[in-house]
Amino acid sequence: MLINGSCHCGNIIFSLEWQGEPSEIPARACGCSFCVKHGGVWTSNPSAALAVNVANAALVSKYSFGTKTATFHVCSRCGVVPLVTCELDAHLYAVVNVNTFQGVDPTSLRRSAADFEGEDVESRLARRKRNWVANVRIVEASA
Amino acid sequence: MNTARYERWLMLKTYRGSCHCGAVKFEADLDLTQSSYRCNCSICRRTRFWPAIAKSEDFRLLSGEAELTQYLFHTRKNQHYFCKHCGVRAFGVGTETPIGLMYGVNLGCIEGVSEEELSRIPVTYVDGQHDRFAPPEYFSHL
């Protein structure tokens with residue numbers, strides 16, 4: 001199943017290739033301070049492949065906070081955050097914002113609340129290695 | 001102050017709020033017994049914007065004016081603002097609404113309101129995708 005998506009203005013576009021044809025896609029509404037203010041609802045699958053294309057890399061703000069182990073890719077033109085990445089042992093992992101999907105039936109998203117408050121850094125990074133998209137390719141162009 | 005305005009004023013409470021990195025700070029007088037909004041338009045769905053409504057005289061930007069990026073699209077009537085550092089939309093401005101200039105204050109950004117209080121705020125779902133004020137066919141995900 002191929003899911004396409006983008007920020008609002010189209011500076012950051014992506015294709016998420018999900019293995020097989022899932023009837024449901026998990027969607028985690030995270031309760032952290034960033035996601036509450038941003039409305040971030042994320043999905044990932046360790047066997048999925050994510051290809052991201054950035055039209056103008058100068059128009060992406062990379063924001064980190066707290067443990068600073070994750071990078072939020074915020075479009076500087078429209079403010080939308082289509083993905084978060086985390087580099088571990090020189091390998092890039094990612095989660096994708098389901099609100100930026102195009103043409104996905106909203107009833108196929110299985111929503112749940114997620115709260116990782118209090119999780120130590122080691123468990124957090126191990127969880128990302130297990131659950132986040134492990135095949136991530138980002139092409140950033142400059143205008 | 002006329003009676004209707006006085007009664008509305010009695011219901012207002014002052015809240016402070018901010019974006020995530022703290023560059024943008026605001027104060028707004030809101031009545032959280034009134035409906036908030038969830039919309040399915042192309043920008044609200046990407047940002048899960050959850051506004052309470054403030055009249056223009058009830059909203060004060062305390063800091064961060066220079067840190068805001070304005071984003072306009074389509075009819076360019078609504079002014080979308082986000083922090084240029086963390087991308088959070090603390091508020092937006094509707095310029096042509098039935099109550100005139102109006103601020104949509106992001107409830108995810110206000111302080112001093114418990115989760116329980118947030119969960120009790122009424123929500124009106126609107127079909128912005130089709131330029132309709134009525135609820136869309138699907139709205140539980142908004």
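## Burial and size of chain B

Of the 142 residues in chain B, 37% are buried. This is a predicted model. Chain B has an average pLDDT of 93. In chain B, 99% of the residues score at least 70.

The C-alpha trace of chain B spans about 35 × 35 × 30 Å along its principal axes. Among contacts in chain B between residues at least 6 apart in sequence, 56% link residues at least 24 apart.

## Elements of chain B

Chain B holds 3 helices and 10 strands. Read from the N terminus, its elements run α-β-β-β-α-β-β-β-β-β-β-α-β. The radius of gyration of chain B is 15 Å, and the globule rule gives 14 Å for 142 residues. The two values are close, so chain B is as compact as a globular protein of that length.

## The five-stranded sheet of chain B

One open sheet in chain B has 5 strands. Their order is β4-β9-β8-β7-β6, and the pairing is antiparallel. β4 (51-55) and β6 of chain B are the edge strands. Each of these two pairs on one side only. On average, neighbouring strands of this sheet are turned by 25° against each other, direction ignored.

At the β4 edge, the partner strand is β9 (residues 100-106) of chain B. β4(B) and β9(B) run antiparallel and are joined by 5 bridges. Pro51(B) has Asn106(B) as its bridge partner in β9(B).

## Ser63 of chain B

Ser63(B) belongs to strand β5 (residues 59-63) of chain B. Is Ser63(B) buried or exposed? Ser63(B) counts as exposed, because 12 other C-beta atoms lie within 10 Å and the exposed class takes 12 or fewer.

Which residues does Ser63(B) contact, leaving aside its neighbours within four places in sequence? The partners are Val24(B) and Lys25(B). Tyr6(B) sits elsewhere along the chain, 57 residues from Ser63(B). The C-alpha atoms of Ser63(B) and Tyr6(B) are separated by 29 Å.

## Where the chains meet

The predictor gives the complex an ipTM of 0.76. The pTM is 0.86. In the model, 22 residues of chain B are in contact with 25 residues of chain A.

Two elements of chain B, α2 (42-47) and β6 (68-71), each supply at least two residues of the side that touches chain A. The largest share comes from α2(B), with 5 residues. By residue type, the side of chain B that touches chain A divides into 9 nonpolar, 8 polar and 5 charged residues. β6(B) therefore has two roles here: it is an edge strand of the open sheet, and it supplies residues to the side of chain B that touches chain A.

## Overall form of chain A

Chain A has 2 helices and 12 strands. From the N terminus on, the order of elements is β-β-β-α-β-β-β-β-β-β-β-β-α-β. In chain A, 41% of the 143 residues count as buried.

How does the radius of gyration of chain A agree with a compact globule, and what is its value? Chain A has 14 Å, whereas a compact globule of 143 residues would have a radius of gyration near 15 Å, and the two agree. The C-alpha atoms of chain A fill a box of roughly 40 × 35 × 30 Å along the principal axes. Of the contacts in chain A with a separation of 6 or more, 68% come from residues 24 or more positions apart.

## Two positive phi values in chain A

Lys68(A) is not a glycine, yet its phi is positive, about 55°. Lys68(A) lies in the loop between β6 (60-63) and β7 (71-75) of chain A. Lys68(A) counts as exposed because it has 8 C-beta neighbours inside 10 Å.

Ala90(A) also has a positive phi without being a glycine, in this case about 60°. The loop that holds Ala90(A) lies between β8 (83-88) and β9 (91-97) of chain A. Why does Ala90(A) count as exposed? Ala90(A) has 5 C-beta neighbours inside 10 Å, and a residue with 12 or fewer is exposed.

Key: Residues are numbered from 1 along each chain as its sequence is written. Chains are lettered from A and ligands numbered from 1 in the order in which they are written. This is a predicted model: local features need pLDDT of at least 70, side-chain atom pairs count only at pLDDT 80 or more; totals for chains, interfaces and linings use all residues. Two residues are in contact if their C-beta atoms, placed from the backbone, lie within 7 Å. Helices (H or I, at least four residues) and strands (E, at least two) are DSSP runs, numbered from the N terminus. Ala, Val, Leu, Ile, Met, Phe, Trp, Tyr, Cys and Pro count as nonpolar, Asp, Glu, Lys and Arg as charged, and the others, Gly among them, as polar. pLDDT is the predictor's confidence in each residue, from 0 to 100. The radius of gyration is taken over C-alpha atoms; the globule rule is 2.2 Å times the number of residues to the power 0.38. A residue is buried if 20 or more other C-beta atoms lie within 10 Å of its own, exposed if 12 or fewer, and partly exposed in between; C-beta atoms are placed from the backbone. Two strands pair if DSSP finds at least two bridges between them. Axes are lines fitted to C-alpha atoms, for helices over the stretch in contact, and angles run from 0 to 180 degrees between N-to-C directions.
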